[in-house]
Amino acid sequence: MSTKSATEDRGKCEVVPDLCKGCGLCIALCPDTVLVRGESLNRRGYRPALYQGHGCTGCGICFHTCPEPSAIIVTRFQ
């Protein structure tokens, strides 16, 4: 029987910085608040969203909210 802790990540969110236009929709709607606006500019001159590296549940809200195809990749762990 598996014993997963409540703080263990259930998913992973990856933002492709050069595809992100920095609109902030994913940041605003993430229920786990694991996305933040980056400090540096991408090659298009936008401050892209960044995954903080922990706490993602893999819900996919950021993926479905993002207006840019392929800018966000969500992986849900089994």
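This short presentation describes the fold, the core, the cavity and several individual residues of one protein chain.

Good morning, colleagues. The structure before you is a predicted model, and everything I describe has been computed from it.

I begin with the overall layout. The protein chain contains 2 helices and 4 strands. Read from the N terminus, these elements follow the order β-α-β-β-α-β. The C-alpha trace spans about 50 × 20 × 20 Å along its principal axes. The chain has 78 residues, and 31% of them count as buried. As for contacts with a separation of 6 or more, 58% are made by residues 24 or more positions apart.

I turn now to the interior. The largest nonpolar core has 14 residues, and those touching the most other members are Cys 13, Val 15, Leu 35 and Ile 72. At least two residues of this core come from strand S1, residues 11-15, and at least two from strand S3, residues 49-51. Let us take Cys 13 as an example. Which residues does Cys 13 contact, once its neighbours within four places in sequence are left aside? They are Leu 35, Tyr 51, Cys 56, Cys 62, Ile 72 and Ile 73. Two of these partners, Leu 35 and Ile 72, have just been named among the core residues that touch the most other members.

The next topic is empty space. Rolling a probe the size of a water molecule over the atoms shows where empty space is left. In this structure there is 1 cavity of 30 Å³ or more, and the volume of the largest cavity is about 80 Å³. Its lining consists of 14 residues, with Cys 30, Val 34, Cys 56, Cys 59 and Cys 62 nearest the centre. Sorted by class, the lining of this cavity comprises 10 nonpolar, 3 polar and 1 charged residues. Cys 56 and Cys 62, which lie among the residues nearest the cavity centre, are also contacts of Cys 13.

I now move to individual residues, starting with Arg 37. This residue belongs to strand S2, which covers residues 35-37. Is Arg 37 buried, exposed or partly exposed? Its relative accessible area is 34%, so Arg 37 is partly exposed. Not counting residues up to four places away in sequence, Arg 37 touches Gly 22, Cys 23, Gly 24, Ile 27, Arg 47, Pro 48 and Ala 49. With one of these, Gly 22, there is a specific polar approach: the side chain of Arg 37 reaches the Gly 22 backbone oxygen at 2.6 Å. For a sense of spacing, Arg 37 and Glu 14 are separated by 23 residues in sequence and, C-alpha to C-alpha, by 13 Å in space.

Asn 42 is found in the loop between S2 and S3. Why does Asn 42 count as buried? The limit is under 20% relative accessible area, and Asn 42 counts as buried because its relative accessibility is 9%. Its side chain makes two approaches to the backbone. One reaches the backbone oxygen of Pro 17 at 2.7 Å, and the other reaches the backbone nitrogen of Arg 44 at 3.0 Å. With neighbours within four places in sequence set aside, the contacts of Asn 42 are Pro 17, Asp 18, Cys 20 and Pro 48. Pro 48 is thus shared, as it is also touched by Arg 37.

Thr 57 lies in the loop between S3 and H2. With a relative accessible area of 14%, Thr 57 is buried. Its side chain is joined to that of Asp 32 by a polar contact of 2.9 Å. Beyond its neighbours within four places in sequence, Thr 57 is in contact with Arg 10, Gly 11, Asp 32 and Arg 76.

Finally, I draw attention to two backbone angles. Thr 33 has a phi near 45°, a positive value in a residue other than glycine. Thr 33 sits in the loop between helix H1, residues 25-29, and S2. Its relative accessible area is 56%, so Thr 33 is exposed. Ser 70 likewise has a positive phi, near 70°, and it too is a residue other than glycine. Ser 70 is placed in the loop between helix H2, residues 61-65, and strand S4, residues 72-76. At a relative accessible area of 52%, Ser 70 is exposed.

That concludes my remarks. Thank you for your attention.

Note on methods:
Residues numbered from 1 in each chain as written. Heavy atoms only, no water. 1 Å grid on protein atoms, 1.4 Å probe; cavity = no way out; pocket = protein on both sides within 12 Å on 5 of 7 lines; lining within 4 Å. Points joined across faces, edges and corners; volume = space filled by probe spheres on them. Nonpolar A, V, L, I, M, F, W, Y, C, P; charged D, E, K, R; others polar. Buried < 20%, exposed > 50% of the residue type's maximum accessible area, 1.4 Å probe, protein only. Contact = heavy atoms within 4.5 Å. Polar contact = N/O pair within 3.5 Å; in protein donor to acceptor, adjacent residues only side chain to side chain. Core = buried A, V, L, I, M, F, W, Y, C linked by side-chain atoms within 4.5 Å.
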